[in-house]
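Dear colleague,

I am handing over the structure we spoke about, and I would be grateful if you kept it open while you read. My notes on it come after the display.

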Amino acid sequence: MGFLTSSIQVRARYKRCRFEWMEHLEQTRAIILKAAQLAPRRRKALVFGAGLLHDIPLRQLSEMFEQVVLADLVHTWPCRLEALRFPNVKILSCDATGAIQALAVVARRPGLPTPESRPVAFVDDPTLDFTVSVNLLSQLGWVPGVFLSKCRSPSQIEALKSQFVAAHLDYLKRLPGHTALITDTLWTEHPVAASASPLERWDVLSGVCLPEPEHAWDWNIAPAPERSPLAHYVARVFAYTDWKSAAF
Ligand SMILES: C[S@@+](CC[C@H](N)C(=O)[O-])C[C@H]1O[C@@H](n2cnc3c(N)ncnc32)[C@H](O)[C@@H]1O
C-alpha cells in the first residue's frame, strides 16, 4: 500500500535533518518516560508508531516494564536488530486502525463501502499497563488516502482520515491501563526569507480537534530544501501524558 516506502522516506529524511529534528525527538522521548511513570503497574507497555525508533527511549522502557511491545505496520531490519538487544522487547506487526486489510479489498472492488476504523487489539488485555501513541495519529489516514485516491473522491478521503483520527483517540480511551498521546497537529509553511510571514497552514488531523495540550512544541519537520527551496515546514506537536484525563 506504500507504508514501506513511507518508512524508507522518513528514515532518509531523518538522516538529512537529524540536527533540526533533535529537539523534537528529545522532547518526545522525555514525554514518553514522564507518561510511563504514571502507569499503575509495570507489566506490559505498548508503543504505537514505534517504527524507526528515532523517538523511542527503548532502553529505559525495557528497564521499567516486564514487557515492551513495539507496534507498527513496518519494522525495518536495523530496528528489529536494535529490539533484539533487549530480551523483554517484542516487535509486533500491527495495524492501529484495524481497517488496512479491508481497504486493500475496497481498492480492488470500488463498489464496496469505505471501511471504518474500529480497533480492538489489546482492548481485552488485562496485563496492559501503559500505551503511548507516538507521532502516529496524523499518519493513520495519510498512506491509505493516497492509496485510495484513484477510487474515492477527495471528500470521501478526507472523511476517512477524519474517522481514522477520531477512532484512534477513542481507542486510547478504551484501552486498559494508562495512555498517552504525542502527535503533530498543524503544519505551517514558513518562507526562508525571515521577514516574510507564514504562507500556508494545514490541519493534519482532518478537522478533529484536540483538547488544550499539556505540552506543545514546534518540529521543523521539513526544513528547506526538503519540500521546497523557498520554505521550511514546521509541525506543531501536542503531547498528553495522561490522555484519558485530557480527553474526558
Ligand atoms: C512518523 S512515524 C513515527 C515516528 C517513528 N517512531 C520514528 O522513529 O521515526 C509514523 C509511524 O506510524 C506507522 N504507521 C502508519 N500507519 C499505521 C497503522 N495503521 N498502524 C500502525 N502503524 C502505522 C508508520 O509505519 C511509521 O512508522
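What follows goes from the whole chain to the core, one helix, the ligand and a few single residues.

Please note that this is a predicted model, in which local features need pLDDT of at least 70 and side-chain atom pairs count only at pLDDT 80 or more, while totals for chains, interfaces and linings use all residues. Residues are numbered from 1 along each chain as its sequence is written.

**Overall form**

The protein has seven helices and eight strands, where helices (H or I, at least four residues) and strands (E, at least two) are DSSP runs numbered from the N terminus. Its C-alpha atoms fill a box of roughly 50 × 50 × 40 Å along the principal axes. The radius of gyration, taken over C-alpha atoms, is 18 Å, which agrees with the value near 18 Å for a compact globule of 248 residues (the globule rule being 2.2 Å times the number of residues to the power 0.38). Two residues are in contact if their C-beta atoms, placed from the backbone, lie within 7 Å; of the contacts with a separation of 6 or more, 67% are between residues 24 or more positions apart.

**The core**

Of the 248 residues, 36% count as buried, meaning that 20 or more other C-beta atoms lie within 10 Å of the residue's own (exposed is 12 or fewer, and partly exposed is in between). The largest nonpolar core, a set of buried Ala, Val, Leu, Ile, Met, Phe, Trp, Tyr and Cys residues joined through C-beta atoms within 7 Å, has 57 residues, and A45, L46, V47, V68, A71 and V134 have the most contacts inside it. Strand β8 (residues 231-240) gives the most to this core, with eight residues. Beyond its neighbours within four places in sequence, V47 is in contact with I56, V68, V69, L70, A71, V132 and V134.

**Helix α6**

The 21 residues of helix α6 (residues 154-174) should span 30 Å at 1.5 Å a residue (times one less than the number of residues), and the end C-alpha atoms are indeed 30 Å apart. Its buried residues, including I157, F164 and Y171, pack against β4 (128-134), α5 (142-147), β5 (178-191) and α7 (243-246).

**Around the ligand**

There are 22 residues around the ligand, of which G51, L52, H54, A96 and N135 come nearest, a residue being near if its C-beta atom, placed from the backbone, lies within 6 Å. This shell divides into 12 nonpolar, seven polar and three charged residues (Ala, Val, Leu, Ile, Met, Phe, Trp, Tyr, Cys and Pro count as nonpolar, Asp, Glu, Lys and Arg as charged, and the others, Gly among them, as polar). Its largest share, three residues, comes from helix α1 (residues 3-37).

**Single residues**

T5 lies in helix α1 and counts as exposed because it has 12 C-beta neighbours inside 10 Å. P191 is in strand β5 and counts as partly exposed, with 15 such neighbours inside 10 Å; its C-alpha atom is separated by 9.2 Å from that of P229, 38 residues apart along the chain. A231, in strand β8, is buried because 22 other C-beta atoms lie within 10 Å. Leaving aside neighbours within four places in sequence, A231 is in contact with E189, H190, P191, V192, L199 and A224.

With kind regards
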